[in-house]
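Student: I've just opened this one and I'd like to learn how to read it. Can we go through it together?

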Amino acid sequence: RVFEIGSVFRAEPSYTTRHVTEYTGLDAEMGFIENVEEVMAMLEKTMHRIFRHIGEHCQSELALFGATVPADVPIPRIPLGEAFAILREKYNKDIPDGEDIDSEGERLIGEYVKEQYGSDFVFLTQYPTAVRAFYSLPNKENPKLSESYDLVFRGLEIASGAERVHDPDQLVDIMRSRGLDPDTFKDYIEIFKYGAPPHGGWGLGSERIV
């Protein structure tokens, strides 16, 4: 298990309220996992520990901004397809299957989870493989879905993660299926040829939490 806290730079336009070209990230990776649930469980434990510390030691700062820490309750897991069904039935919002959830959808699901579970957090899971990074592990039973997740906090995505592909042949096949040239990822693929355990992790943005 490894983690880092440091600056992350993104070469993309900052045209939304939640995208910045530089942010402070908390990234973590875990090896020898059984499944992606282990990674989500560790991220859940991490988030509760962070906010418990803030609640115990930062009351003056919280009062200054009128902020409250989230309740220390289990974080529900909702597959993205199920989240889409909830949005259609409860909020009359339709997102086609196979697409990613938008900002409004995240906000509405955040409201739903707060109402149903009393949680300020929700894990959205089983994203379509096509909308995730090529190294996200496809589901064995349904390769169109990936072993990936987003962590949404009060209607805003604050972290993304997944179990990663650790088999070099599978990586090459996925790259080619997406029109990528494996030769440009030669060094990356080489690592896995020496043997890599099943592993997964997350990227967490501190600015969004603040």
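Student: Let's start small: which residue in β4 does I78 stand opposite?

Tutor: I78 stands opposite L124 in β4. Keep in mind that this is a predicted model. As a general idea, strands of a sheet pair through backbone hydrogen bonds, either parallel or antiparallel. Here, β3 and strand β4 (residues 121–125) pair in the parallel sense, over 3 bridges.

Student: Which helix packs on the sheet there, touching β3 and β4?

Tutor: That's helix α3, residues 80–91. The direction of α3 makes about 85° with that of β3.

Student: Now the whole sheet: what is the order of its strands?

Tutor: Reading across, you get β1-β2-β7-β6-β5-β4-β3, an open sheet of 7 strands with mixed pairing. At the edges stand β1 (2–9) and β3 (77–79); each has a single partner strand, so one side of each is left without a neighbour in the sheet. On average, neighbouring strands are turned by 25° against each other, direction ignored.

Student: And how do I read the inside? Which residues have the most contacts in the largest nonpolar core?

Tutor: In soluble globular proteins, nonpolar side chains tend to be buried together. In this model the largest nonpolar core has 20 residues, and those with the most contacts inside it are L43, M47, F121, Y149, L151, I158 and W202. Helix α1 (36–57) is one of the elements giving two or more residues, and α1 gives the most, with 6 residues.

Student: What does the second core include?

Tutor: It's a separate core of 16 residues, with F84, L108, V122 and L124 among them. You've met L124 already: that's the residue opposite I78.

Definitions and conventions:
Residues are numbered from 1 along each chain as its sequence is written. This is a predicted model: local features need pLDDT of at least 70, side-chain atom pairs count only at pLDDT 80 or more; totals for chains, interfaces and linings use all residues. Side-chain values use heavy atoms; hydrogens and water are left out. Two strands pair if DSSP finds at least two bridges between them. Helices (H or I, at least four residues) and strands (E, at least two) are DSSP runs, numbered from the N terminus. Axes are lines fitted to C-alpha atoms, for helices over the stretch in contact, and angles run from 0 to 180 degrees between N-to-C directions. Contact means heavy atoms within 4.5 Å. A nonpolar core is a set of buried Ala, Val, Leu, Ile, Met, Phe, Trp, Tyr and Cys residues joined through side-chain atoms within 4.5 Å. Buried means under 20% relative accessible area, exposed over 50%, partly exposed in between (1.4 Å probe, protein chains only).
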